[in-house]
Amino acid sequence: MTDYLADVRKYDSGADEAIVKKIVSHLGIALRNRDSSLVSCSDPEELNRVKEKWCGKKLGITGDAADKAVEAVCKAMADDRSKSRVTFYYLTAKELGQLGALA
């Protein structure tokens with residue numbers, strides 16, 4: 001858990017540990033596999049899944065807002081070759097102003 005929190009705090013120094021824990025819990029078994037624990041910004045199918053399942057189903061935001069949030073997070077994490085799914089989801093929720101919905 002501390003690894004996830006430390007990674008999120010590279011991008012948001014005030015990251016809420018409770019929200020990070022909720023994201024880790026939400027992702028569950030997906031985090032056990034290296035491939036599914038990472039997000040690939042170069043894979044359009046992957047980004048569509050993030051928009052559909054995380055932004056749409058979990059956060060209730062679709063369309064242009066979801067597109068822009070995912071794009072902004074890809075840019076923010078561009079220098080990180082291994083983009084943690086937990087960090088990506090946290091930053092996407094923050095970008096959409098939905099961190100409170102996860103608390």
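Partly exposed residues are those whose relative accessible area falls between the buried limit of under 20% and the exposed limit of over 50%. With that in hand, here are some close-up views of charged side chains in this predicted model.

**View 1. Glu52 and Lys53 pair up in a salt bridge.**
The closest N and O atoms of Glu52 and Lys53 are 3.7 Å apart. Lys53 has a relative accessibility of 43%, so this residue counts as partly exposed. Its partner Glu52 is partly exposed as well, at 44%. For an overall tally to keep beside this view, the model holds 10 salt bridges.

**View 2. Asp64 meets Lys68 in helix H4.**
Here a salt bridge joins Asp64 to Lys68, with 3.2 Å between the closest N and O atoms. The two residues are separated by about one helical turn, because they sit 4 residues apart in helix H4, which covers residues 63-76. Asp64 has a relative accessible area of 49% and is partly exposed, whereas Lys68, at 54%, counts as exposed.

**View 3. Glu71 and Lys75 form a salt bridge in helix H4.**
Stay with helix H4 for this pair, whose members are again 4 residues apart, about one turn of the helix. The closest N and O atoms of Lys75 and Glu71 are 3.5 Å apart. Lys75 is exposed, with a relative accessibility of 61%. Glu71 is partly exposed, at 48%.

**View 4. Asp7, Lys10 and Asp80 share a network.**
This view takes in three residues, Asp7, Lys10 and Asp80, which salt bridges link into a network. Keep Asp80 in mind, as this residue returns in the next view.

**View 5. Lys83 is buried and has no salt bridge.**
Look for Lys83 in strand S2, which spans residues 83-84. Which side chain of opposite charge is nearest to Lys83? That side chain belongs to Asp80, and it is 6.4 Å away. A salt bridge needs the side-chain nitrogen within 4 Å of a carboxyl oxygen, and Lys83 has no such partner. The backbone of Asp80 tells another story: its oxygen lies 2.8 Å from a polar atom of the Lys83 side chain.

**View 6. Lys83 has contacts farther along the chain.**
Once neighbours within four places in sequence are set aside, Lys83 is in contact with Ser37, Leu38, Val39 and Cys41, and also with Cys74, Met77 and Ala78. These contacts are worth viewing together with the buried state of Lys83.

How values were computed:
Residues are numbered from 1 along each chain as its sequence is written. This is a predicted model: local features need pLDDT of at least 70, side-chain atom pairs count only at pLDDT 80 or more; totals for chains, interfaces and linings use all residues. Side-chain values use heavy atoms; hydrogens and water are left out. Buried means under 20% relative accessible area, exposed over 50%, partly exposed in between (1.4 Å probe, protein chains only). Lys and Arg count as positive and Asp and Glu as negative; His and the chain ends are not counted. A polar contact is a pair of N or O atoms within 3.5 Å; within protein, one must be able to donate a hydrogen and the other to accept it, and residues adjacent in sequence count only if both atoms are side-chain atoms. Contact means heavy atoms within 4.5 Å.
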